[in-house]
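Biologist: I would like to learn how to read a model with two chains. Where should I begin?

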Amino acid sequence: MIRILKYVALDILKNKIVIAYTIMLALFSWSAFGLEDNESKGILTVLNIVLLTVPLVSILFSTIYIYNSNEFVELLVSNPVKRSMVWKALFTGLSISMVAAYWIGVGIPLLIYANFATAIMMLLAGSLLSVIFVSVAFLCSTLTRDKAKGIGISIMLWLYFALLFDGLVLFLFFQFADYPIEKVVVLLSALSPVDLSRILILLRLDVSAMMGYTGAVFQQYFGSSWGLLVSFGLLCLWVFVPFYISLRKFKRKDL
Amino acid sequence: MNITKNKAFVIVLPLLLCCLFYSSVHATVIKVGNDKTYKTIKEALQQANPGDTIIISKGIYKEGNIVINKPICIIGEDYPVLDAEFKTEVLSVKSSNVVIKYLQIQNSGRSAMVDEAAIKVYDENNIIIEGNKLINNFFGVHLQYASHCIVKNNFIKASQKEEYESANGIHCWKSDSLQIIGNTIYGHRDGIYFEFVKNSVIWRNISQNNLRYGLHFMFSNKNAYITNYFSNNGAGVAVMFSKEVVMMNNTFEENWGDAAYGVLFKELSDCYLSGNKFLRNTTGVFFEGANRVTVENNTFIGNGWGLRLQASCMDNKIERNNFIGNTFDAATNGFLTLNYFNENYWDKYEGYDLNKDGVGDIPFRPLSLFSVIVEKNPPAMLLYRSFMITLLDKSEKILPSLTPENFIDNNPRMKPYTL
C-alpha cells in the first residue's frame, strides 16, 4: 500500500493544482490577518475560508482526480493487489495532500496570529472537513460512471452542506418557533459536517454571546469535554461512512 | 510699651491654645486583652466614657453581641478576632460618632428575621468603619437610617453557596450622605446594596464573585459610583427605579449568563454613564424602561451584546463610545426607536470617509438582521456566522426591511477613540 501511496502522492504533486491551492490559502489567510485591524476579524475571514473554500476544493478536486485516475486504477487492479488496498491508498493520498495544503496554507498564519486554543480548534475542524469532503467525493464518483454527472453531484452536495442546510435549519426555526426545539436542533446540526465544525469554532469565538440562555444549552452539549469528544466522533463518522460505502461499491464494481 | 504687650500676647496665646486643646483631649485610652486591665470588650465598653478610645489586642473574643451605645473609638491591634459563632449579630452601633477600625469580625448569626450583620448601624450619624476584615458573615456592614457614614478599605468575604442563605456585603437602607470607598467584597449575595439611599458616593471598590449582583440600586436617587471594578457576579450590576445616578470609570467584566448584565438599567431616568469599560459580558448594558440616560465615552469590548435597548426606552443618548469585537453591537425588541446614536466608533462599520474628516460618509446601522432574528428566536444563535446568515445580513444592511429604520448612527467614526 505504501508504494501505491507513493505513486499517488507523486502524481498529485506533479499535478500542481494542490500546490496552487496551498498558495491561494496562504495568500488568503496572511492577507486576512495582515489587513484586518484586529485578530478576531482575521479569524472570521479564515473561518469563511474553512467553511466554504476548503470543502469546495476538496470535493471537486478529489472527484475529478478519481475520474481521471480511472486508467491508473485499472492498471493497478490488473496487478496482484487487493482492490480495497488501491482504493484506500488513493483516499489516503488525496486526504494527506489536502490536509497538508490546509496546514501549510492556513495553519501557519493561524498559529502565529490567533489564540492558541482557537487555532488548534480551527486546524482540527479544517483538516477533518478536508478529509470528510474527500470521502464524500469518493462516494460521488462511485455513484455514477458519467464524469459530468459525478462532478455535478459533488457540486450539489457542496451547495447543500455549505449553503442550503443552514437555510433549511433557519426555516425550521421559524416554523417551530413556539416549540422548545433547541435539542432537536443540536441533533440536526450533526447532520451537516460544515455546521458541526462551525458550531465548534463558534463556541470558542463568541463565547460571551453563547453564554446566553440557548447558548448555554449548546455550550452544555458541545462545549463540555464530553460534547467535544462526541462532536469530533461525529466528524470522524462523516469521514468513515461515505468512504466505507464507496469502498464496498468499488469492490464489486465492474471496471 | 506696645511692643512688650505684643510680646506678651505672642507667648500667652499658644499657652492658652494648648490649654484649650488639653481640656478637650482628656479622653483616655482603654486597653483590652488577655494581659490588659480589661479582659473583655464588653467590660471595657461599660467603663468607657464618651470619647474614649478602646484598643483591642490580638486574640479571639467570643462575646456574642456587643452593643456600642456611646460615642467611642474602637481600634484593633493586629486584627483581633470577634467571633459570634453563627449565633448573634456582632457589633451593634447604637450611638453616633463611633469609629471602628482594624477588627476581624467573623461568623455572625444568619437570621433573615433580624438581619444579623457583622457591623450594624441603627439610626445613627457620623460612623467610620475602616480597615476591617469581615469574614463569613450574613450581612457585612449594615447601615439603616444612617447618615454621614464612611465605610472604607474593608475586606468583606463570605462563602455561602445559595442566595437564600446569604446576604449583602455592604447594605445601606434609608440612608443619606454615605461614602463607600475602597472596599473589597467577595461571595456575598449582593456586593453593595442601596435602597432608599441618597447623596452618596461609591468609589474604588472591588466587587467580585457575588452570588447575585455586584452592586444593586433600588429607589436610590442622586448617587454616584466611580472607578469600581465588578466582575464575575451572578447577575452583574443592577441599577433600578432610581434617578440621577452618575456612573463613571467603572469596569464591568465577565458577567456571564442569560440574565447577567454588565449593567442592568430598569426604570431608570436622568442618569449619566461615562468612561466605563464593559469587557466580555454576555450583555454590556441592558436598558428596560430607561429614559434620558446619557451614555458616552464608554468602551464595549468582546461582549455578546454591547447594548440591548428594549422598546420601552426613550430619549437615551449613546454618543462617542467604542464598540469593538462584540458579537452584536446592539439589539432591540421592537420596531419603534426613540433613542439617539451619534458619533460612536463601530468596528463593524464598512463605510468610507472621502473628505477625511474622521466621520464616515454613510450612516451605520448597528442592528444586524440576525440580532433581530435571535431576539425573536433565541435558538437561531446556533446558525451564527454561517454563510447564509452573512448573506442575509449584508442585503439587510443595504435595504433595511426587518430592522427599525431609525436605529442608526449618522456620524460613525472611522477610528476608535482613545479612552
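Modeller: Begin with the secondary structure. Chain A has 12 helices and zero strands. Keep in mind that this is a predicted model.

Biologist: Is chain A compact or spread out?

Modeller: One compares the radius of gyration with what the globule rule gives for the chain's length. For chain A the radius is 19 Å, close to the 18 Å given for 255 residues, so chain A is as compact as a globular protein of that length. The C-alpha trace of chain A spans about 60 × 45 × 30 Å along its principal axes.

Biologist: What is the secondary structure of chain B?

Modeller: Chain B comes to four helices and 39 strands. Its radius of gyration is 27 Å, well over the 22 Å that the globule rule gives for 419 residues, so chain B is more spread out than a compact globule. Along the principal axes, the C-alpha trace of chain B spans about 85 × 70 × 30 Å.

Biologist: How do I read contacts along the sequence?

Modeller: Take the contacts between residues at least 6 apart in sequence, and ask what share joins residues at least 24 apart. In chain A that share is 77%; in chain B it is 45%.

Biologist: What share of each chain counts as buried?

Modeller: In chain A, 44% of the 255 residues count as buried. In chain B, 44% of the 419 residues do.

Biologist: How many residues of each chain are in contact with the other chain?

Modeller: 27 residues of chain B are in contact with 31 residues of chain A. On the chain B side, helix α4 (residues 387-398) gives the most, with three residues. By class, that side has 13 nonpolar, 10 polar and four charged residues.

Technical notes. Residues are numbered from 1 along each chain as its sequence is written. Chains are lettered from A and ligands numbered from 1 in the order in which they are written. This is a predicted model: local features need pLDDT of at least 70, side-chain atom pairs count only at pLDDT 80 or more; totals for chains, interfaces and linings use all residues. Two residues are in contact if their C-beta atoms, placed from the backbone, lie within 7 Å. Helices (H or I, at least four residues) and strands (E, at least two) are DSSP runs, numbered from the N terminus. Ala, Val, Leu, Ile, Met, Phe, Trp, Tyr, Cys and Pro count as nonpolar, Asp, Glu, Lys and Arg as charged, and the others, Gly among them, as polar. The radius of gyration is taken over C-alpha atoms; the globule rule is 2.2 Å times the number of residues to the power 0.38. A residue is buried if 20 or more other C-beta atoms lie within 10 Å of its own, exposed if 12 or fewer, and partly exposed in between; C-beta atoms are placed from the backbone.
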